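Good morning, colleagues. I would like to take a few minutes to walk through one structure, beginning with a pocket and then turning to a sheet and to the cysteines.

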Amino acid sequence: MAKNSGYTGPLEQVGACQWRIPKTYRQDMRVDGLIFADESLIAQIKKDQGPEQVVNVATLPGIQKASLAMPDIHWGYGFAIGGVAATDPEEGGVISPGGVGYDINCGVRLLRTNLSWEEVKPRIRQLVDELFREIPTGVGQRGRFLFDKPKLSRLMEQGSAYVVEQGWGTVRDLGFTEAEGRLDGADPDRVSDRAFTRGYDQCGTLGSGNHFLEVQVVDRIHDQEGADVMGLREGQVTVLIHSGSRGLGYQVCDDYLGVFKGAPMRYGFTLPDPQLACAPVRSPEGQSYLGAMRAAANYAWCNRQLLTHQAREVFARVLGTPWESLGMDLVYDVAHNIAKFEHHEVGGGVSKQVCVHRKGATRAFPPGHPEIPAEYQKIGQPVIIPGSMGTASWVLAGLPGSMEQTFGTTCHGAGRMMSRTAAVKLAGDRRIDKELDAIGIIARARGHKGLAEEQPAAYKDVDQVVEVVDKAGISKKVARLRPVGVIKG
């Protein structure tokens, strides 16, 4: 499949922000495809093979309702990034590493503060420089937190609670993390020695690519009640952290793609794309991957917790005040690349447990859902949507429509519309850091290439993406955040 050849198949508009690919398009489709987008975004989405990947996912055994894609969809490995699929294990439903992604539990967390931009502005350059100096960024960077195999096993079993017990966070942090920072059923014995080696010194490091830590300012409130409950107000300084399971998670994915390579033939089904390699959830291969994937997901939550700890230390030192007094509390932490077992209605009012793959997509549970913190029961689960480093990020809240339409899911970011190679070519000899500085955003990175790859022009308009999910009734806009400082690999 040539990712840049563009999609030429059918797309039927079935709602203001919904486009259907009927299952009659290809004989091997078991369900329809459904893409959430407006007319402008769908024109961009059709420029690569993301929609054809939505079709391919619709062929998976046991898939329920539809193969879904969010407005930030773009071509990815097997599944499109922005793809969502739920499979029923009781109907031979499969688990696919390509439906989780290489960076298992890549995700974001938002910290609020009680600081105003006017208070921080005189120190912002020093603050960003200190964050860049203290927090390891970039490919292969070693962190200060080292975990030998026995400790790493416990960390992957226990998740965020393990590092909190070491003094690198608070019990409150756990309560405001999706799944409280731990997936049950994690099995470190299913993680390879190579993955253990890669994870030894990378917990508490930011990584490269689109990962970042941003200092931001709340510049717009859209839902006052939601903002009040989350403790957000205009002019307030916040911190957004975007990272995942680092080399450990990558290795887990790579290992199991090899394991799953021959599984379709063994279990009697065929796939239109070998990158969709999968196995029945109930199979030995499926259970083994689930144990390893959950272990890597728990590692990722520990990674973001340790990044939080380091950010709090820097703020406290630069501003000469304990982080607790600065009000640096966690608003929420959400995963973007994960597979989880959840109960959903799949037709005819029937509720059953399904395996929900979210790849480049965010859980968005509505008010009253038992899996969100008590503090957010009235407003719905916070959803954190990072944009590009030169534009804005958003905080949303889950709505009942997410359960009805998308297995409790919404978008995860702006979504790339340009490859990294093309972005570097576009940048040429320009200094992206200088361009950002000119509009009031201090950027620090290991090299100019990383900033060129992640320049704002490489991404869709995050405001437009968020508008779609708001209009579709799957999550509502609460607050907009603009960056003032960013560190990247």
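The second largest pocket is lined by Tyr77, Leu257, Lys261, Pro264, Met265, Thr270, Leu271, Pro274 and Ala277. Please bear in mind that this is a predicted model. Sorted by character, the lining comprises 7 nonpolar residues, 1 polar residue and 1 charged residue. The space in this pocket comes to about 160 Å³.

Let me turn to the sheet. Seven strands, or 7 in the computed count, form an open sheet with mixed pairing, in the order S1-S2-S3-S4-S5-S13-S12. At its edges lie strand S1, residues 12-15, and strand S12, residues 337-345, each of which pairs on one side only. From one strand to the next, the twist averages 25°. Strand S1 runs antiparallel to strand S2, residues 18-21, and 3 bridges join the two. Within this pairing, Gly15 has Gln18 of S2 as its bridge partner.

Finally, the cysteines. How many disulfides does a search of the whole structure find? The search returns 0. Consider Cys302: the closest cysteine sulfur, in Cys203, is 5.3 Å from the sulfur of Cys302, and that is too far for a bond. The cut-off applied here is 2.5 Å between the sulfur atoms. Cys355 is likewise in no disulfide, and the nearest cysteine sulfur, that of Cys278, is 11 Å away.

Are these two cysteines, Cys302 and Cys355, buried or exposed? Cys302 is buried, with a relative accessible area of 0%. Cys355 is also buried, and its relative accessible area is 0%.

Thank you for your attention.

Notes
Residues numbered from 1 in each chain as written. Predicted model: local features only at pLDDT ≥ 70, side-chain atom pairs only at ≥ 80, totals over all residues. Heavy atoms only, no water. Buried < 20%, exposed > 50% of the residue type's maximum accessible area, 1.4 Å probe, protein only. 1 Å grid on protein atoms, 1.4 Å probe; cavity = no way out; pocket = protein on both sides within 12 Å on 5 of 7 lines; lining within 4 Å. Points joined across faces, edges and corners; volume = space filled by probe spheres on them. Nonpolar A, V, L, I, M, F, W, Y, C, P; charged D, E, K, R; others polar. Pairing = 2+ DSSP bridges. Helix = DSSP H or I, 4+ residues; strand = E, 2+ residues; numbered from the N terminus. Axes fitted to C-alpha atoms, helices over the stretch in contact; angles between N-to-C directions.
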